[in-house]
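Q: Please explain how the terms used for charged residues are applied to the structure shown here.

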Amino acid sequence: MNHSMKRIALILAVLTIPSVALAWPWSQDMMNQPSIKPQEGVMTPFPARSVPVMGTPTKVANRDEAKDLVNPIPVTAASLKKGRNLFRIYCAACHGLSGKAESPVSGKIGAIDLTDDYVQKTLTEGWLWGTITFGSFVMPAYGVPGEQGGSNDLSVEERWHVVNYVKNGLLKETTVAAK
């Protein structure tokens, strides 16, 4: 590169630096534009005849307190059917349709085999219900942990139906399918 080319490159660099330095505030302008942000301003009233969805607050504070709860929903064919449908919607993505942690993400997130003796014989129904309600290390909560409402993924009763299915239907269904 000759001397005049270096000079031209230097002049272009000196002229370009201020435009780059002055461009910095421009990158923030998109964020600060006039717009209505969530929870900002006066709340719009709910439409007439709308029904609030608050769910039923959970009476226990955490999974440990739920451990000794007794399932109030009897194990019936209707309960197992509801639990099976809910399991396939909410649980199968991580635990697999058979509950054996065979979904594509099971190994990556550490989903456990729900047909294992540890779950079937050692864990109480209350513990399973508490895990569904409050979540665990990697599992999200599907209950309504606070008085103020919150997640309405599964009602209290629906969580017990899932527990009925996991404890009384999942293993039998998996065994029959394997034959």
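A: A salt bridge is a side-chain nitrogen of Lys or Arg within 4 Å of a carboxyl oxygen of Asp or Glu. This is a predicted model, in which local features need pLDDT of at least 70 and side-chain atom pairs count only at pLDDT 80 or more, while totals for chains, interfaces and linings use all residues. Residues are numbered from 1 along each chain as its sequence is written, and side-chain values use heavy atoms, with hydrogens and water left out.

Q: Why is the pair Arg84 and Glu173 called a salt bridge?
A: The N to O distance between their side chains is 2.8 Å, and the definition asks for a nitrogen of Lys or Arg within 4 Å of a carboxyl oxygen of Asp or Glu, so the pair qualifies. Arg84 lies in helix α4 (residues 77–95) and Glu173 in helix α9 (residues 170–178), so the salt bridge joins parts 89 residues apart in sequence. Helices here are DSSP runs of H or I with at least four residues, numbered from the N terminus.

Q: What makes Arg84 partly exposed rather than buried or exposed?
A: Its relative accessibility is 28%. Buried means under 20% relative accessible area, exposed over 50%, and partly exposed in between (1.4 Å probe, protein chains only), so Arg84 takes the middle term. Glu173, with a relative accessible area of 28%, is also partly exposed.

Q: Which residues are linked in a network of salt bridges?
A: The network consists of Arg84, Arg88 and Glu173. Glu173 also meets Arg88, at 3.8 Å from N to O. Glu173 lies in helix α9 and Arg88 in helix α4, so this pair ties together parts that are 85 residues apart in sequence.

Q: How many salt bridges does the structure hold?
A: The structure holds three. One of them pairs Lys121 with Asp117, whose closest N and O atoms are 3.8 Å apart. These two residues are four apart in helix α6 (residues 117–122), about one helical turn. Lys121 is exposed, at 66% relative accessible area, whereas Asp117 is partly exposed, at 47%.

Q: How do you know that Lys167 has no salt bridge?
A: The nearest side chain of opposite charge, Glu125, is 6.5 Å away from the buried Lys167. The salt-bridge limit is the one already stated, so this pair does not qualify. Opposite charge refers to Lys and Arg as positive and Asp and Glu as negative, with His and the chain ends not counted.
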